[in-house]
Amino acid sequence: MPDTLKGGSSLSGSAEIIGALFIFIGVLISFISAVGLVRFPDVYTRCHASSKTSTLGVLSILTGTLLYFLMSEGFFSIRLILGIFFVFLTAPVSSHMISRAAYRSNVPLAPVSAEDELKDYFEGLKMETEEMTLQ
Amino acid sequence: MFDIIIILSLTILTLTILLNLYRAIKGPSRADRVQALDAIGFNLIAGIAIFSVLLNTHAYFDLILLIGILSFVGTISFARYLERGVIIERKR
């Protein structure tokens, strides 16, 4: 019995180190994402800052939690795997939908933006529909 | 030591949510606010995961899935509302 207790405690120690490492890295990445969300000048650049780093930070934190419970108790949580998969699947999609909605509802770009390539496409589309209605 | 790191992580995560809340209140356009609320949802997921590590329990793992799904549905419906003015389009 003391042998198993000793082995369990050393495994639990490495679980604590690895879990704390993943969680702390993920929290730092999330903090960097929030700083980018506050400091960037434009809704599109804010989407870029928020979505990527937020996805990576949350994935790192959930992976750290999964590894901690796997190594300390031998408990493999299928719900946590589902959560990781769902976050990884939906975070880029929702950010893409938000920036698309922002462009279509005419939110202006920042003045420092170099070029707006989508504008030509939309104007061409508008001209085409006007020609169709004239005919 | 482990508890100190976990509590420090929760503190930094609270600061993160406060920064996101600043953008959600101040944001010039509505898309900014939706983006900030989406980020708050993801940070809440992370906070629940860290809290379950701190309390050493499995009881809150359902909550991660639940908040993820609800945040995704809310963000998608807000984006459709901003884009077209309606959420569910009627078929003609």
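## A tour of the contact between chains A and B

Select helix H3 of chain A (78-104) and helix H3 of chain B (61-84): the axes of H3(A) and H3(B) come within 9 Å and cross at roughly 15°. Axes here are lines fitted to C-alpha atoms, for helices over the stretch in contact, and angles run from 0 to 180 degrees between N-to-C directions. Helices are DSSP runs of H or I with at least four residues, numbered from the N terminus. H3(A) is therefore roughly parallel to H3(B), a term for angles under 35 degrees. Their crossing is left-handed, which is to say that the near helix is turned anticlockwise from the far one by less than a right angle. The contact of H3(A) with H3(B) comprises 15 nonpolar, five polar and five charged residues. In this division Ala, Val, Leu, Ile, Met, Phe, Trp, Tyr, Cys and Pro count as nonpolar, Asp, Glu, Lys and Arg as charged, and the others, Gly among them, as polar.

The model is predicted: local features need pLDDT of at least 70, side-chain atom pairs count only at pLDDT 80 or more, and totals for chains, interfaces and linings use all residues. Residues are numbered from 1 along each chain as its sequence is written, with chains lettered from A and ligands numbered from 1 in the order in which they are written.

**Two leucines on H3(B)**

Select B:Leu65, in helix H3 of chain B. B:Leu65 is partly exposed, with 17 other C-beta atoms within 10 Å; the cut-offs are 20 or more for buried, 12 or fewer for exposed, and in between for partly exposed, with C-beta atoms placed from the backbone. Leaving aside residues up to four places away in sequence, B:Leu65 touches A:Arg79, A:Leu82, A:Gly83 and A:Phe86, where contact requires C-beta atoms, placed from the backbone, to lie within 7 Å. Now add B:Ile45, which is 20 residues from B:Leu65 in sequence and 8.4 Å from it in space, C-alpha to C-alpha.

Continue to B:Leu82, also placed in H3 of chain B. B:Leu82 is buried, with 20 other C-beta atoms within 10 Å. Not counting residues up to four places away in sequence, B:Leu82 touches A:Ala101, A:Ser105, B:Arg30 and B:Ala31. Selecting B:Ile12 as well shows a C-alpha separation of 32 Å from B:Leu82, across 70 residues of the chain.

**The H2 pair**

Next display H2(A), residues 43-73, and H2(B), residues 30-55, whose axes come within 10 Å and cross at roughly 10°. The two helices are therefore roughly parallel to each other, and their crossing is left-handed. Residues that make this contact include A:Val43, A:Cys47, A:Gly57, A:Ile61 and A:Tyr68 of H2(A), and B:Ala31, B:Gln35, B:Phe42, B:Ala49 and B:Val53 of H2(B). By class, the contact has 14 nonpolar, six polar and two charged residues.

**The nonpolar cores**

Which members of the largest nonpolar core touch the most others? Among its 33 residues, they are A:Ile61 and B:Ala49. A nonpolar core is a set of buried Ala, Val, Leu, Ile, Met, Phe, Trp, Tyr and Cys residues joined through C-beta atoms within 7 Å. H1, H2 and H3 of chain A and H1, H2 and H3 of chain B each supply at least two residues of this core. H2(B) gives the most, with ten residues.

Centre the view on A:Ile61, which touches A:Phe22, A:Ile23, A:Gly26, A:Val27, B:Ala46, B:Ala49 and B:Ile50, not counting residues up to four places away in sequence. Another core, of eleven residues, lies apart from the largest one; among its members are A:Val43, A:Cys47, B:Ala31 and B:Ala79.

**Within chain B**

Add H1(B), residues 2-26. H1(B) and H2(B) pack at an angle of about 165°, with their axes 9 Å apart. That makes H1(B) roughly antiparallel to H2(B), a term for angles over 145 degrees. H1(B) passes H2(B) in a left-handed crossing. The contact includes B:Ile6, B:Leu13 and B:Ala24 of H1(B) with B:Ala36, B:Ile40 and B:Leu54 of H2(B), and by class it has 14 nonpolar, five polar and three charged residues.

Then select B:Asn56, in the loop between H2 and H3 of chain B. Its phi is near 60°, a positive value in a residue other than glycine. B:Asn56 is exposed, with 10 other C-beta atoms within 10 Å.

**The whole interface**

Finally, show both sides of the contact, which takes 41 residues from chain B and 44 residues from chain A. On the side of chain B that touches chain A, H1, H2 and H3 of chain B are the elements that give two or more residues. H2(B) provides the largest share of that side, 15 residues. By class, the side of chain B consists of 26 nonpolar, ten polar and five charged residues.

Notes:
Angles under 35 degrees count as roughly parallel, over 145 as roughly antiparallel, 65 to 115 as roughly perpendicular and the rest as oblique. Two residues are in contact if their C-beta atoms, placed from the backbone, lie within 7 Å.
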